[in-house]
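Work through the following exercises with the sequence and the structure at hand. Each task is followed by a solution in steps.

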Amino acid sequence: MTASEDTPRIVVLTGGTSGIGRIAASDLAAQGATVAVIGRDRTRGETLVADATALDGDIRFHQADLATQATVRSLGAELRDTYDRIDALVHNAGLSSRNRTETEDGLELTFAVNQLAPYLLTYELLDRLRISAPSRVVVTASDIHRRATLDFDDLQFTNDYDSLQAYARSKLATIAFTLELADRLDNTEITANCFHPGFVPSTNLFRDSPIWTRIMIRAAAIIPGIGTTPQEGARRLCKLVTAPEFGEQTGTYVTGNGPTSPSKAAADPENRERLWRTSADLVGIESDWP
Ligand SMILES: NC(=O)c1ccc[n+]([C@@H]2O[C@H](COP(=O)([O-])OP(=O)(O)OC[C@H]3O[C@@H](n4cnc5c(N)ncnc54)[C@H](OP(=O)(O)O)[C@@H]3O)[C@@H](O)[C@H]2O)c1
């Protein structure tokens, strides 16, 4: 299949084995992109590849658990070895962890997967994005970030862990990361934008949440106008990857209403800078990049 004019040739997409990302991967492949999908589950990955191949699409699967920094680093090396260019890097993998769990690196799991993995993987793949410029970084955020508090003294909820608060904070962090990245990439022809896919109750995201959260989600899902479909979430994701305007616009947070201001805490330059430095510290790199 030949890529249409606005479709990036090589797209790296995390969290493409389920929900919004699975549909987005298939849609991008249908538009002619080669899509490198990152996921944990080989069977799910291979099924996705086979489904795409049957439709003449090109999806390749790379197995990696983004919770572990050593795995993110070796994934970075594997992707650099496999692809000499990366036109779009999409950070879509995400989770909400019911209990406070620590990764092998001793970090809170939600923050590690939703914020630190995108931070480190972007660092690992920056050369490929530069080679391919104009290129894009796209991040799946969430409007739930507006409910988040930011406590730099206990960023990873060692006290009073609450799964929804931890999830909301990780999404605030990821918006702050995108905006800061966009600023730092000024004049490089690499754009960085993030979006809210809508409230999509039918995905696997809250499978591990406390029962009361799942009941609330089920209840909210039946109220007309509140929930949306994974197809709509995927449509928003693909728009940031392919629409010409997001090859120009950078540092944008997009919801169903188009470009929108994120919360003050997410946009605040001091918070952004501090989160950038803290993330660098937590993944063991210098903060003066890119
Ligand atoms: N659903 C919503 O209402 C909603 C709203 C706002 C934002 N979002 C965001 O949308 C994105 C997609 O979520 P979804 O709703 O489509 O949920 P989903 O069906 O659970 O998909 C999440 C994806 O992330 C992957 N993932 C999770 N932890 C991972 C890890 N440690 N390593 C590698 N991959 C991992 C999952 O892989 P596996 O297949 O291995 O589990 C899956 O492919 C997430 O960033 C989520 O925060 C969702």
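Helices and strands are here DSSP runs, numbered from the N terminus, and a helix needs at least four residues. The model is predicted.

**Exercise 1. Describe helix H2, its two sides and its ends.**

Step 1: length. Helix H2 comprises residues 42-54, which makes 13 residues. From its first C-alpha to its last it reaches 18 Å, close to the 18 Å expected at 1.5 Å a residue.

Step 2: the buried side. Gly45, Leu48 and Ala52 are the residues of H2 to list as buried. Because they cover an arc of only 60° around the axis, they lie on the same side of H2. A general rule helps here: an α-helix has 3.6 residues a turn, so residues three or four places apart point the same way.

Step 3: the other side. Thr43, Thr53 and Ala54 are exposed on the other side of H2.

Step 4: the neighbours. The buried residues of H2 pack against helix H1 (19-30), strand E2 (34-39) and strand E3 (58-63).

Step 5: the ends. At the N-terminal end, Asp41 acts as a cap of H2, with a side-chain oxygen 3.0 Å from the backbone nitrogen of Thr43. H2 is followed by Asp56, which has a positive phi, near 70°.

**Exercise 2. Decide whether Thr255 is buried or exposed, and name the residues that Thr255 touches.**

Step 1: location. Thr255 belongs to strand E7 (residues 252-255).

Step 2: accessibility. Buried means under 20% relative accessible area. The relative accessibility of Thr255 is 10%, so Thr255 counts as buried.

Step 3: contacts. Leaving aside residues up to four places away in sequence, Thr255 touches Asp143, His196, Arg236 and Thr260.

**Exercise 3. Compare the span of helix H9 with the expected value, and describe its buried side.**

Step 1: span. H9 has 15 residues, which should span 21 Å at 1.5 Å a residue; the end C-alpha atoms are 21 Å apart, so the two values agree.

Step 2: the buried side. Asn271, Arg272, Leu275, Trp276, Ser279, Ala280 and Val283 are the buried residues of H9. They cover an arc of only 165° around the axis, which puts them on the same side of H9.

Step 3: the opposite face. Turned away from the buried side, the face of H9 carries the exposed residues Glu270 and Asp281.

Step 4: surroundings. Helix H3 (69-82), H4, helix H5 (163-184) and helix H8 (264-267) are what the buried residues of H9 pack against. Just after H9, Gly284 has a positive phi of about 75°.

**Exercise 4. Classify the aromatic pairs that Tyr119 forms with Trp276 and with Trp289.**

Step 1: the criterion. Rings pair if their centres lie within 6.5 Å, and planes over 60 degrees apart count as edge-to-face. The count comes to 8 aromatic pairs.

Step 2: Tyr119 and Trp276. The ring centres are 4.9 Å apart and the planes stand at 70°, so this pair is edge-to-face. Tyr119 lies in helix H4 (residues 109-132) and Trp276 in helix H9 (residues 269-283), so the pair ties together parts 157 residues apart in sequence. Both Tyr119 and Trp276 are buried.

Step 3: Tyr119 and Trp289. This aromatic pair is edge-to-face, with 5.2 Å from centre to centre and 80° between the planes. Since Trp289 lies in the segment after H9 and Tyr119 in helix H4, the pair ties together parts that are 170 residues apart in sequence. Trp289 is buried, and so is Tyr119.

Step 4: the cluster. Tyr119, Tyr123, Phe177, Trp276 and Trp289 form one aromatic cluster.

Conventions
Residues are numbered from 1 along each chain as its sequence is written. Side-chain values use heavy atoms; hydrogens and water are left out. The expected span of a helix is 1.5 Å times one less than its number of residues. Buried means under 20% relative accessible area, exposed over 50%, partly exposed in between (1.4 Å probe, protein chains only). The arc is that of the directions from the helix axis to the C-beta atoms. Contact means heavy atoms within 4.5 Å. A polar contact is a pair of N or O atoms within 3.5 Å; within protein, one must be able to donate a hydrogen and the other to accept it, and residues adjacent in sequence count only if both atoms are side-chain atoms. Rings of Phe, Tyr and Trp (its six-membered ring) pair if their centres lie within 6.5 Å; planes under 30 degrees apart count as stacked, over 60 as edge-to-face and the rest as tilted.
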